[in-house]
Every structure is written in C-alpha cells, then in structure tokens.
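Work through the exercises below with the sequence and the 3D structure side by side, and try each task before reading its solution.

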Amino acid sequence: MKRITTMTLLMVSLFATAQQETIDQKVNTLLKKMTIEEKIGQLNQYTGDNSATGPITINPNKQAEIKGGLVGSMLNVIGTTYTRKYQELAMQSRLKIPMLFGQDVIHGYKTTFPIPLAEAASWDLQAIELAARVAATEASASGIHWTFAPMVDIGRDPRWGRVMEGAGEDTYLGSKIAYARVKGFQGSKLGDLNSVMACVKHFAAYGAATGGRDYNSVDMSERMLFETYLPPFKAALDAGAATFMNSFNDLNGIPATGNVYLQRDILKGKWNFQGFVVSDWGSIGEMVAHGYAKDNKQAALAAITAGSDMDMESNAYRYNLADLVKENKVSIDLIDDAVRRILRKKFELGLFDDPYRYSDAKRAEKALNDPENRVAAREMAKKSIVLLKNENETLPLSKNLKTIAFIGPMVKEYKANMGFWAVELPEVDYNKWIVSQWDGFQNKVGKNTKLLYAKGCEVEGDNKSGFAEAVAIAQQADVVVLSIGERHDMSGEAKSRSDLHLPGVQEDLVKAIAATGKPVVVLINAGRPLIFNWTADNVPAVVYTWWLGTEAGNAIADVLFGDYNPSGKLPMTFPREVGQVPIYYNHFSTGRPPADENAKGYVSSYIDLKNSPKFPFGYGLSYTKFNYSGLKLSSVKMKRDEAIKVSFQLSNVGKVAGEEVVQLYLKDKFGSVVRPVLELKDFQKVKLNVGESKTIEFTIDKEKLSFYNNKLEWGPEAGDFELMIGTSSADSKLKSDFELVD
Ligand code: GLC
C-alpha cells in the first residue's frame, strides 16, 4: 500500500508540475502577444460604481478602457449580473484577457459572521476556518474571485478602529488564525468553484500606527517587526495565500507601497512569494502626500521597483509606466514579472477557460440561501461572546421569568449587528435577514414571559429624555437586560478614537437602571475594547457581544438563557483608561516592574491609576468551573534538539457542560535581549461535560523558545524558563520551571 501511495504521489506531483508548466507556458505565450499598454492594463484596478471603499475619482472612460484591455481587475462589483456585464466588456478586448473581481469579504458575504476580532475571541480555529469557507462559497457563487482578507495586522492599540478586522494583540494566536482564514477562503485548491483567492493585508505593521491614528506613521525596530508583526503574514503565506495587499503607512520612513525591503527583500525574496501584491486604495499615488515621491510618475517608479504589482485606484501605473519604460527608468522585465504573477492567477482560477464560471445566477441562488450557512454563523457568534462578569449567578436567565425589560439603543437594531466591512447587497432586506437582539429574545423566551422594551437613549448624544421610560419598565421587570455600545460604523477604517469610553450617555443609562435595584445584565456591542469602568464595577453581569452578524440575536439569546455556555476569551487587553494605551500582556519587565497593580513609587506605573488592565488578554468566564491539576513535565531540562512533554488534568467541577481555552505561556527569564514577561505559545479549546476530566498535553520544543536576537538571528538561548498554564494571561493555574541546556 505504502509503495502505491508513493507512486501515486509521484504521479500527482509530476502532473501538477506539468500542469504548472502548462500555465507558465500559457502565460509566456500570452505575454509575447501583449503590447506595453495591454501589459500595464493588467496592473490597473478600478472600483465599480455601486460602492466605494476609498476616495473615488470619477472616470467616464472606464468602460472604454475595459474594452480596450486596459483594466486587469475591478473591486466593488458584486453579484452575477454586474460581474458578468463587466466581464463581457473585457471579452471585447483584443486578447480577451478576463478581469479579476475583488471584494472586501472580511466576515461574510450575504451571511454575515461576527467581526474578525470577535471570531478571534472564540479561539476556535475550526469555526474560524468554516466561517471563511462559508464566506468564500457565497462570494464565489456571486462572481467574486478574490477577497481582500484576511487582515492579519497585530493590534495593540484600541484607539485604532481597524482592530475590529484583525485577530488582536498576540502574534501566536494571530498567526494561527491567519493560517485558518486563508485555508477557509482558498479551500482545497484555487480554481475550485467555491474558493476565492485570499489577500493578506496590510503589509506591513499598519496596526502600529502612532497614536492609534489611522494611516499614521510607524517606526519600530526590525526586531519588533520580525518578532511581533510579520509572523501572521508568514503564516498566511505558508497557508498558500495567493495575494498580498500593502499598507498605507510609512514604515521607518519609507511607505510600505514603495518599500523594497518589505516587498522585494522579505516577501518576494526571503519568503519566495510567487503570487502578486495589490496596493491598497490609492496608496501608490499617496506617496506624493507622504512626501516620498514628487509626483505620480515618481510614485509609479517607486512602487513598481518595490514590487507593488497591481495599482488599486491611483491611476499612477495607467498614466506613467509606459513613459517610464520608454525613458529606460523602468525595465520591461519588472512589468513582465508583475503581469506574469497576475496572469498566472487568472489561469489558476480557470478564467481563460470560462471567464463567467463564477457568475452563475442559479448557483448563487442556492449558495446564498443555504440554511447551513446561518447555522455556522450562529455557532461562530455564540463562541465569540465573552462573559466578563457574572455575580450572584445572575446568568443564565430562566426562560420562564415573568417579565424581562430589554433596554438600550442596540436592542432593536439590525445593521448595527453587522459591524464594519459587512457586504451590503442591494437586494437583501436586512430587517428580515438579520436576527436582531429583540428578535432573538422573542425566539427564545417562553410564552408566559413578558418582554418590555425601551430604547432609553441613542448611542451618541447627550439626550436623556428616554431615561424615565426605561426606568419605569425596569421597575416592572424581574430582570433588566441593557444592550449598549458602538454603532457598526464607529470602529473600522478611518474610525480612530481618542476616547474609548462608552459613547454618549449610555453609561448614565446603566447607572439609572442599576439604581432601581433590579438584577441587571449589560451587553456591550463594539468593534474594539471600550472603557466602561462604572458598569464593570457596579453591574452584576457584563457580556461582550462585539458585532455578531446575521445571527446576533439568536446567539446572544442562546448564551443569556444558558443554551450555550459562553467560552470566549479576550484577544486584546482592555485598558482601564486610554492613558494606559498601548497596553498589552506580553510587555517587557523594565528595570522597575511594579510588584502588583497598586504599587507606586519608583516603579513603572501611573500615580493616578492601577498598573493592571481592566480585563487581561485571554480572559473570559464560564457558567461552569474548571479545575487544573496534576502538572507533569517529562523533564525539567532539555537540549535544543529535544522536547519537553507537558501534561495536566482539566476537570469540569461545575454544574453545566462547557468549553475552556487552556493557555500555555512561557517566560524566558533572561536573554541577550530583554524578553516579554510571558508569551502565549500554545492553547487548546477543550469541551468537558459535568464531572468529566481530560488529560491535556502540550509539547515544548526549541521553536517555542526561539526569538530574534539583536543580530536578527532566530533561535533559543540556553537558560531558565518558566511555564504557566492558565485560564487567562493573568490567571495562572499551574506553574513550573525548566531549563534549556546547551
Ligand atoms: C481600503 C482598505 C483595504 C480594502 C481596500 C479595498 O482602503 O484599507 O483594507 O481592502 O481599501 O476596499
């Protein structure tokens, strides 16, 4: 059997090589026929007219240019009708090269999943991959070949609104999620009808924008870049990502779009990336505003030299590359390399065989209304919810409560559950398609339960005139559920905030309702960590519900009424005040670390605030209780080529079944450069029934001990380590020391 398998593998790899050679041969044959204008056309991407995701320039000649073979790709063209219409224009061109249609399918297409930061809170890689798989199935049935996702930017600064699109602050968790998302989007292979090309963005270090202000400068050491910000990009590449997108920011003085070091030396050089790089919206032309290019022509020169293959919406390539070649400032080889990379993907997607293969109305009808997609969305949403506080067993609520008051500006919202970057389909009535939180409660409670509603206040503004009505219905209820937070457009691109407190008078509403003395549950819907200290300190139950998408109402009701035991863990640190930002768990010790959260004096602290976050990375409660015991190490010493097996018992000692995310952290006690106080190096999400125990195992190998030294060499250093197994980064359940010996 083994011999046959080897033979089969050999045959498959020969066929694949032969096929690949066929694609490369086809690319080269086509390239030879192309004029310089047609080559540059392949590097040119325009937006469609039914929605813009950046500053738009009106181009009356767009259709003529498409027919002239001068547009290789479009974005923001959705649906089988529109994609087919534009593709038909491209098929009138001399060489009939099909266009690529790209779209920001960030967390779902028609079935909207929780925002990526919420999905990250699930720590459930299978569920996250499935969410991307469903999104790809729906998008690819609607004419989309390519999603501008996953966004893998490490986000340590909640003032930056785009933390909602990523996987949070941790490199290890972010890398695992990046890999899962690419696998989900691209499926088993590109060219399958239910797969789309992934686009790993934003390359690179965009999340480290100074002050958390979007598009702002980034300045960091190479060591920080390689150790913290690049690994999720490399993980996505290892998953087979077809494309990358560069970022708006300048990095150490050079805009990413024109950054040879990033795109040629690292991505296409060291990492040997064979796909193509698309610029972010207008980012090539924006190098003039950066003060890096004196005009669009110099910007085009800088970008093509740096390895930006496709120009999204800046027209810099369209109007300058041909002259730059004629003036011998740009070698035709650079153009050809970029064109090859793009054409290769078009062949792999089967677009030359059938340019309309993804624009099939019948297939779309079925794919977009598959009930399984909503089941997946509800599962993902339930797993993304984080229980932050639950005193006096306020939760779960009984389904037979006599009266529940449901108060707040998010209760009857529909689109607010979708979050930023949701794909808006003109033909969809979202009030029917989305399950609001009010709908979810009505679907859940028994017929004897009376649900009362009051909005109380708006998300923003200082109008408290609705408080009286809200207090009045609270006084009639057995329990009050308050749903507050950010609207769907208050986190996301160009949504940086200087103040992270709950917007408007929402926390005043919480205080007014709490003053009734009724048991209160507060739901916080947001795209980022917010600050809500009074609520967190004075309300018995607080649940972070992010923006959960199409099935938000049902998922929240599942958790609040105990049909699902919450299992989410925070993927970002929650600050007490914005003055602490950036605040993240894997920080360096400093020479004067505070002994505890109240330590003052000559230590690294604030004189006016505790030294700890409000809620730490990896934190989240459950309706049950887990016990950690019996830690065993196979050895307390290891050599570089050895490994230590770690095991312990996890038991469910509570009253309901549940899932626990057990987290393995390591601390390298000293090194040739200072090392973080601890670092996440593994995790497992474990489901246990009441009374059930499981032996959990981790392996510590040299990869988990490795880091970049100040010569940028990757590897471990002999010395003392500590391992911590915990239920959060700040709650160690089991500890042990071990040593790496030379
Ligand atoms: C936007 C975003 C990017 C998105 C692109 C296309 O400006 O920065 O993430 O994919 O433009 O919409």
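The exercises that follow concern a predicted model, and each task is followed by a solution in steps.

**Exercise 1. The surroundings of the ligand**

Find how many residues surround the ligand, and determine which polar side-chain atoms lie at a short listed distance from its oxygen atoms.

Solution. Begin with the residues around the ligand: 14 of them surround it, and the closest are T53, D104, R162, H202 and D280. Next, take three of these residues in turn and look at their polar side-chain atoms: one of D104 lies 2.5 Å from an oxygen atom of the ligand, one of H202 lies 2.7 Å from a ligand oxygen, and one of R162 lies 2.8 Å from a ligand oxygen. Then turn to the surface of the ligand, which exposes 310 Å² when taken alone, and of which the protein buries 99%. Finally, consider the space itself, since the place taken by the ligand is the largest cavity.

**Exercise 2. Two cis peptide bonds**

Locate the cis peptide bond that joins A149 and P150 and the one from K201 to H202, and say where P150 and H202 are found.

Solution. Start with A149 and P150, whose peptide bond has an omega of about 10°; P150 belongs to the loop between β4 (146-147) and α7 (171-186). Continue with the bond from K201 to H202, where omega is near -5°; here H202 is part of strand β5, which covers residues 199-203. Recall also that H202 is among the residues closest to the ligand.

**Exercise 3. Positive phi values**

For N76 and T590, decide whether each residue is buried, partly exposed or exposed.

Solution. N76, although not a glycine, has a positive phi of about 60°, and its place is the loop between β2 (73-75) and α4 (80-90). Its relative accessible area is 1%, and because buried means under 20%, N76 is buried. T590 likewise is not a glycine and has a positive phi, near 70°, within the loop between α22 (552-560) and β17 (626-633). Its relative accessible area is 43%, which falls between the limits of 20% and 50%, so T590 is partly exposed.

**Exercise 4. The setting of F441**

Describe where F441 lies and which residues it touches beyond four places away in sequence.

Solution. First place F441 in helix α18, residues 437-444. Its relative accessible area is 0%, so F441 is buried. Lastly, list its contacts outside the sequence neighbourhood: I404, F406, L451, V481, I556, A557, L560 and F561.

Methods. Residues numbered from 1 in each chain as written. Predicted model: local features only at pLDDT ≥ 70, side-chain atom pairs only at ≥ 80, totals over all residues. Heavy atoms only, no water. Helix = DSSP H or I, 4+ residues; strand = E, 2+ residues; numbered from the N terminus. Buried < 20%, exposed > 50% of the residue type's maximum accessible area, 1.4 Å probe, protein only. Contact = heavy atoms within 4.5 Å. Near = heavy atom within 4 Å. Polar contact = N/O pair within 3.5 Å; in protein donor to acceptor, adjacent residues only side chain to side chain. Areas by Shrake-Rupley, 256 points an atom, 1.4 Å probe, with all protein chains shown as cover. 1 Å grid on protein atoms, 1.4 Å probe; cavity = no way out; pocket = protein on both sides within 12 Å on 5 of 7 lines; lining within 4 Å. Sits in = over half its atoms within 2 Å of the grid points.
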